[in-house]
Protein chains: 2
Amino acid sequence: MRVALCQIDTTVGDFDGNVQRIVAAATRALAAGARLAVFPELAVCGYPAEDLLLRRAFLAAHDRALRDLAHRVPAGVDVLVGCLEANEDAECTGGRALHNAVARVSEGRCRIVARKSLLPTYDVFDESRYFEPCTQPEQNVFDVDGMKVGAVVCEDGWNDEQFFGRRVYAVDPVERVVAAGAQLVVNLSASPWARGRQSFRTRMVMAAAKRHGVPMVYVNQVGGDVELQFDGGSIACTADGIAAQPVAFAEHVEVVDTDEPWTGRLTEPPLVAMQHAACVQGIRAYVRKFGFEKVVLGLSGGIDSALVATLAVDALGADHVTGIAMPSHYSSEHSLVDARALADNLGIAFHVLPIATLQDAFAATLEPVFVGTTPGVAEENVQSRARGVLLMAFANKHGALLLTTGNKSECAVGYCTLYGDTNGALAPIADLWKTEVWAMSRWLNRDGERIPVRSIEKPPSAELRPDQLDTDSLPDYERLDPVLRCLVEDELSVAATAERTGMATDEVARLFRLVQNSEWKRYQYPPTLRLTDRCWRGRRMPVSHRYRER
Amino acid sequence: MRVALCQIDTTVGDFDGNVQRIVAAATRALAAGARLAVFPELAVCGYPAEDLLLRRAFLAAHDRALRDLAHRVPAGVDVLVGCLEANEDAECTGGRALHNAVARVSEGRCRIVARKSLLPTYDVFDESRYFEPCTQPEQNVFDVDGMKVGAVVCEDGWNDEQFFGRRVYAVDPVERVVAAGAQLVVNLSASPWARGRQSFRTRMVMAAAKRHGVPMVYVNQVGGDVELQFDGGSIACTADGIAAQPVAFAEHVEVVDTDEPWTGRLTEPPLVAMQHAACVQGIRAYVRKFGFEKVVLGLSGGIDSALVATLAVDALGADHVTGIAMPSHYSSEHSLVDARALADNLGIAFHVLPIATLQDAFAATLEPVFVGTTPGVAEENVQSRARGVLLMAFANKHGALLLTTGNKSECAVGYCTLYGDTNGALAPIADLWKTEVWAMSRWLNRDGERIPVRSIEKPPSAELRPDQLDTDSLPDYERLDPVLRCLVEDELSVAATAERTGMATDEVARLFRLVQNSEWKRYQYPPTLRLTDRCWRGRRMPVSHRYRER
């Protein structure tokens with residue numbers, strides 16, 4: 001049987017657009033001879049719809065879209081597509097109002113053929129909030145031209161005891177559908193990218209094909225949904241090899257034939273290239289999907305803003321990016337030179353708005369309540385916030401979105417000014433550690449200088465007071481980042497972190513306090529492109545608490 | 001048997017402090033002759049600990065605290081206290097790592113006697129993220145001096161089919177423990193207050209006592225945890241009446257005797273008084289629990305800032321509150337007069353920092369990028385943001401927390417400037433509709449003017465341009481608020497909202513678009529005291545999507 005992997009980019013709530021894309025891909029699949037066209041999880045309404053799922057009007061619009069789809073799928077191809085299904089039992093036996101389901105759409109008809117059993121409820125995922133799990137995944141098996149097909153949905157494929165070394169959930173739906181006779185297993189997914197995620201996921205699908213001795217067809221959503229970046233990476237494989245090479249960060253329809261041997265070998269792209277692609281997709285999707293064209297950002301001459309500007313150019317084109325340098329009394333001469341060099345390299349619009357007048361005006365205005373005090377953090381923050389006001393003024397005036405340039409290291413320890421440099425509609429690199437920022441910047445210069453080399457090589461500084469350096473109050477980033485990874489991404493204890501990294505326990509404890517004491521800043525931090533499975537919005541810590549380690 | 005209802009105020013992660021409070025209350029209970037002292041849900045670690053529950057070091061600290069507690073509870077009284085329990089089965093059969101459990105602590109020993117079955121996973125509650133549910137609540141029954149006691153935890157009491165008119169979950173743990181022989185049912189809760197919540201909860205507990213013919217002892221956490229405001233409101237009741245009158249927003253230990261008839265009648269406090277108490281507790285807890293003493297806020301002469309200032313005075317005392325008026329070119333004369341009158345009424349520190357110089361400095365600085373444009377929203381926002389910078393500068397300089405003065409109506413439609421008037425560590429009234437703001441302000445003036453009458457009576461205006469009024473772009477709040485309640489709190493469709501409120505469908509649709517188009521502002525909105533069961537952080541909408549109604 002010929003099966004099409006329809007890796008499409010949906011948008012939450014864009015029912016007409018999503019149906020249109022499904023019909024177009026099904027039409028291409030049919031033209032390529034496919035009998036079965038497989039689409040991502042919840043492709044009809046888009047994923048994740050979050051609390052829109054609590055609106056009855058949203059559910060009604062979904063059902064209309066599904067009926068519309070049934071009328072528009074061309075004859076000859078059966079579509080398997082992720083959709084919502086009302087849980088008919090909810091009123092009498094209790095439970096959530098919805099199932100996360102799979103519809104088989106063919107010949108003008110629409111039948112639910114599978115329901116999701118395993119509901120991710122961790123990190124950014126809240127599926128137990130909305131869905132009632134399927135308790136009989138063995139029923140997710142159906143006949144297509146004499147071939148038994150078993151369908152599972154995303155997380156359903158993530159509980160292979162042999163692959164993971166432990167059981168995460170009680171039931172393994174893949175095992176169940178195979179036991180129920182499935183000769184082909186399809187997985188409809190909406191699995192966002194994260195560092196290491198694609199290769200892990202591919203290995204997991206291949207392990208399942210090998211273990212169960214059936215071909216696996218894994219189809220994943222692609223495209224950016226605000227913070228989550230779906231990479232696609234759909235794959236078809238057997239124990240012998242692969243039939244479809246995963247394509248990342250692009251829409252893609254590929255047909256595979258279950259009658260032919262699948263013997264291809266997998267090639268994996270390098271991490272930095274994937275991170276770059278995720279950032280570019282994320283900026284483009286956020287800006288374009290939601291009706292904007294242009295972005296603006298502050299250029300300090302430093303590496304973070306240089307990288308974000310370059311990513312924005314790669315996402316939107318140089319014509320749609322404006323950089324603004326805002327030198328103060330304390331800015332080094334090289335800051336402005338480096339910012340201008342970057343803008344020249346990238347070919348973006350560039351303005352210089354010095355903030356000295358504003359610094360003086362704020363000092364004069366605040367004089368009645370600052371009289372007799374020593375300049376300190378308050379005055380430093382005023383500079384950062386004055387810049388934030390200028391950038392938002394430009395954004396408001398010219399219909400641009402402001403990009404936030406902070407990285408994950410400074411976001412973790414709170415080395416940023418809320419309502420100042422944190423301002424923005426989107427933070428593209430706040431889930432990249434500073435050492436990763438350098439690595440990506442060097443990679444972007446692989447064919448010639450785009451980011452000024454001095455921005456990469458000079459010691460990082462916020463330049464909020466004379467001769468300030470990040471290392472005045474923080475360890476070198478080469479030492480800091482591994483510690484923060486332990487504390488933030490692995491939730492290791494202070495003691496275990498010190499042991500793993502070799503940093504003194506007192507210093508680790510100080511850094512952990514910085515992380516804890518800056519939760520209030522992250523609570524108000526902009527949406528952040530999620531590039532790891534421990535990005536800020538999925539790390540739900542109390543804003544304030546009294547837990548201390550050491 | 002004499003039972004003590006120990007309604008205590010815990011702090012997340014403050015293991016020493018929480019154990020100290022439990023021991024102190026148990027000692028008082030013993031002195032009052034209690035055999036059994038009942039405490040709130042998860043009182044050992046504090047609720048909600050969120051992702052701190054994912055840190056092994058946190059769990060180890062919890063277990064040490066529980067052992068410490070066992071050694072310190074005085075002989076003669078058995079303590080029932082909410083605690084964490086490792087799910088021993090997780091590694092082999094799958095499932096979450098923890099149970100939300102109840103420990104019976106007596107004679108130096110600690111035994112788990114009950115586990116929670118129903119895990120709230122809606123609104124602000126994410127318990128399925130952390131806990132494995134108990135599937136055999138009938139085992140939550142144990143013997144105390146010959147009396148069979150059944151213990152349930154919070155949500156376990158919220159699935160009475162007869163009371164709710166429908167089944168929410170498959171199992172009713174109260175029914176199960178009674179069927180297993182419980183002669184007394186205790187409920188250990190951490191149930192935050194919301195409009196209408198206390199009386200609903202009390203009626204629910206009384207209905208259970210009546211239906212099952214057993215006495216119910218319901219003990220709830222009190223105190224503020226950032227956004228969530230726990231009211232306590234603990235109660236003991238039988239079918240015949242109550243033994244303990246609910247005490248709201250205060251720590252309280254009360255003993256009741258199961259051998260005596262419980263025939264008291266319930267009295268319920270008025271809503272505005274409860275809202276006021278919740279706000280006052282919330283401000284006080286946020287400021288004091290986390291190491292601050294002082295707050296600052298902008299005083300516009302309008303009603304919102306006047307109410308927040310008054311609440312802050314009631315929470316912290318006038319000595320700890322500073323108001324700052326920041327008149328602009330467009331401020332009316334009465335704005336400054338009314339702000340000063342409020343400060344005089346309340347006896348708080350008051351400063352005037354005119355922003356005209358800043359407006360001019362921003363205009364001059366922005367001239368290169370604003371030249372040839374018409375003044376509009378960008379210039380209006382600059383004013384609001386300049387004020388935001390001043391307030392944060394004061395807060396940073398003087399170690400005060402900035403309070404945000406926005407109300408729920410303007411937060412809902414995005415009638416606020418991000419990084420401007422939304423700045424703040426806490427938003428005390430962003431879950432109060434504007435009409436509720438007026439009602440509470442009038443109530444606060446019941447014994448004489450605290451809030452200037454003109455602030456209550458004048459038409460609301462942001463004063464960002466000459467003669468601006470809120471009603472230039474919004475309906476009167478008396479018409480607006482009921483519509484927003486339907487759209488935001490009830491998630492009614494545009495059509496259903498128009499039908500219920502009588503507002504024209506097109507106008508409702510326009511307001512719904514305003515709500516949807518301001519999600520990005522609320523994403524970065526400060527922590528908000530939760531006063532309804534549909535406050536912002538519990539309403540999880542995509543920042544951007546393409547769903548439209550009409």
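**Strand pairing, domains and chain contact in a predicted model**

Strands β7(A) and β8 (residues 184-189) of chain A run parallel and are joined by 5 bridges. The model in which this pairing occurs is predicted. Within the pair, A:Gly150 has A:Val185 of β8(A) as its bridge partner. Strand β7 spans residues 147-153 of chain A and is mostly covered, with 5 of its 7 residues buried. Strand β7(A) also pairs with β6 (residues 141-144) of chain A, here in antiparallel fashion and through 4 bridges. In this second pairing A:Val141 is placed opposite A:Gly150. A:Gly150 thus takes part in the pairing with β6(A) and in the pairing with β8(A). The connection between β6(A) and β7(A) is a hairpin with 2 residues between the strands, and A:Asp145 in the turn has a positive phi of about 50°. In general, the strands of a sheet pair through backbone hydrogen bonds, in either a parallel or an antiparallel arrangement.

A further group of strands in chain A forms an open sheet. Its 4 strands follow the order β17-β16-β15-β18, and the pairing is parallel. The edges are occupied by β17 (349-352) and β18 (400-402) of chain A; each has a single partner strand, so one side of each is left without a neighbour in the sheet. From one strand to the next the twist averages 25°. Strand β15 (residues 294-298) of chain A is joined to β18(A) by 3 bridges, and the two run parallel. A:Val296 stands opposite A:Leu402 of β18(A) in this pairing. Helix α9 (residues 333-346) of chain A packs on the sheet, where it touches β16 (321-325) and β17 of chain A. The direction of helix α9 makes about 170° with that of β16(A).

Taken as a whole, chain A contains 18 helices and 18 strands. A compact globule of 550 residues would have a radius of gyration near 24 Å, and the value of 26 Å for chain A agrees with this. Along the principal axes, the C-alpha atoms of chain A fill a box of roughly 85 × 50 × 50 Å. Of the 550 residues in chain A, 59% are buried. Among contacts in chain A with a separation of 6 or more, 72% are between residues 24 or more positions apart.

The domain assignment divides chain A into domain 1 (2-259) and domain 2 (276-366 + 374-538). Taken over C-alpha atoms, the centres of the two domains of chain A are separated by 37 Å. Domain 1 of chain A and domain 2 of chain A each contribute 17 residues to the contact. On the side of domain 1 of chain A that touches domain 2 of chain A, the elements giving two or more residues are β10 (222-225) and β11 (228-231) of chain A. The largest share of that side, 3 residues, comes from β11(A). The residues on this side of domain 1 of chain A comprise 8 nonpolar, 4 polar and 5 charged.

Chain A also touches chain B, in a contact that takes 78 residues from chain A and 79 residues from chain B. On the side of chain A, at least two residues each are supplied by α2 (56-72), α3 (90-93), α10 (356-370), α11 (377-398) and α18 (519-523). Helix α11(A) provides the largest share of this side, 14 residues. The residues of chain A on this side divide into 42 nonpolar, 19 polar and 17 charged.

Methods
Residues numbered from 1 in each chain as written. Chains lettered and ligands numbered in written order. Predicted model: local features only at pLDDT ≥ 70, side-chain atom pairs only at ≥ 80, totals over all residues. Rg over C-alpha atoms; globule rule 2.2 N^0.38 Å. Buried ≥ 20, exposed ≤ 12 C-beta atoms within 10 Å, placed from the backbone. Contact = placed C-beta atoms within 7 Å. Domains from an automatic or database assignment. Nonpolar A, V, L, I, M, F, W, Y, C, P; charged D, E, K, R; others polar. Pairing = 2+ DSSP bridges. Axes fitted to C-alpha atoms, helices over the stretch in contact; angles between N-to-C directions.
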